[in-house]
Amino acid sequence: MLTLYVKTGCPFCHKVLDTGAELGLTFDEKNIADDAVAAELVARGGKRQVPYLVDSERGVEMYESADIDAYLREQYAPQ
Ligand SMILES: N[C@@H](CCC(=O)N[C@@H](CS)C(=O)NCC(=O)O)C(=O)O
């Protein structure tokens, strides 16, 4: 499962969501507008910054939209 921590109006998040849509991926979106979700993100990754990807099947978690974009394309682009 792919989980993406996001924030409403975040252009970096939209970039990743657009890439996911292009690749036909579905994210479980978690919005840090909810304080409990923001706390969960900080506990997981160490800082309050979105987007943050969790790829639970591959055991991968990362910040930075450019890195997430590259990771998704590398792992999930159709062959
Ligand atoms: N270089 C980062 C920038 C991410 C960034 O600036 N995210 C902002 C939202 S657009 C953020 O997390 N701000 C903290 C907050 O809103 O609490 C990336 O490309 O992912």
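Strands β1 (residues 2–6) and β2 (residues 28–31) pair in the parallel sense over 4 bridges; strands count as paired if DSSP finds at least two bridges between them. Helices (H or I, at least four residues) and strands (E, at least two) are DSSP runs, numbered from the N terminus. This is a predicted model: local features need pLDDT of at least 70, side-chain atom pairs count only at pLDDT 80 or more, and totals for chains, interfaces and linings use all residues. Residues are numbered from 1 along each chain as its sequence is written.

Within the pairing of β1 with β2, L4 stands opposite E29, and V6 stands opposite N31. Helix α1 (residues 11–23) joins these two strands in a right-handed β-α-β unit. Right-handed here means that, with the strands pointing away from the viewer, the path from the first strand over the helix to the second runs clockwise.

β1 also pairs with strand β3 (residues 52–55), in the antiparallel sense and over 4 bridges. Y5 of β1 stands opposite Y52 in β3. Of the 5 residues of β1, 4 are buried, so the strand is largely enclosed by the rest of the structure. A residue is buried if 20 or more other C-beta atoms lie within 10 Å of its own, exposed if 12 or fewer, and partly exposed in between, with C-beta atoms placed from the backbone.

β3 in turn pairs with strand β4 (residues 60–63), again antiparallel and over 4 bridges. D55 stands opposite V60 in this pairing. The two strands form a hairpin with 4 residues between them, and G59 in the turn has a positive phi of about 65 degrees.

The table lists the strand pairings.

| Strands | Sense | Bridges |
|---|---|---|
| β1 and β2 | parallel | 4 bridges |
| β1 and β3 | antiparallel | 4 bridges |
| β3 and β4 | antiparallel | 4 bridges |

Taken as a whole, the chain has 3 helices and 4 strands. Along the sequence they follow the pattern β-α-β-α-β-β-α. The radius of gyration is 12 Å, close to the 12 Å that the globule rule gives for 79 residues, so the chain is as compact as a globular protein of that length. That radius is taken over C-alpha atoms, and the globule rule is 2.2 Å times the number of residues to the power 0.38. Along its principal axes the C-alpha trace spans about 40 × 25 × 20 Å. Of the 79 residues, 24% count as buried. Among contacts with a separation of 6 or more, 60% come from residues 24 or more positions apart; two residues are in contact if their C-beta atoms, placed from the backbone, lie within 7 Å.

V60 lies in strand β4. This residue has 13 C-beta neighbours inside 10 Å and therefore counts as partly exposed. Leaving out residues up to four places away in sequence, V60 touches D55 and Y71. The C-alpha atoms of V60 and L2 are separated by 9.7 Å, although the two residues are 58 residues apart along the chain. A70, in helix α3 (residues 65–76), is 10 residues from V60 in sequence and 13 Å from it in space, C-alpha to C-alpha. With 13 C-beta neighbours inside 10 Å, A70 counts as partly exposed.

The residues around the ligand are K7, C10, F12, R48, Q49, V50, P51, E64, S65 and A66. A residue belongs to this set if its C-beta atom, placed from the backbone, lies within 6 Å of the ligand. By class, the shell has 5 nonpolar, 2 polar and 3 charged residues. Ala, Val, Leu, Ile, Met, Phe, Trp, Tyr, Cys and Pro count as nonpolar, Asp, Glu, Lys and Arg as charged, and the others, Gly among them, as polar.

Some of these residues have backbone features of their own. A cis peptide bond joins V50 and P51, with omega about 5 degrees. P51 is found in the loop between α2 (35–45) and β3. E64 is in the loop between β4 and α3. Phi of E64 is near 80 degrees, a positive value in a residue other than glycine. E64 has 15 C-beta neighbours inside 10 Å, so it counts as partly exposed.
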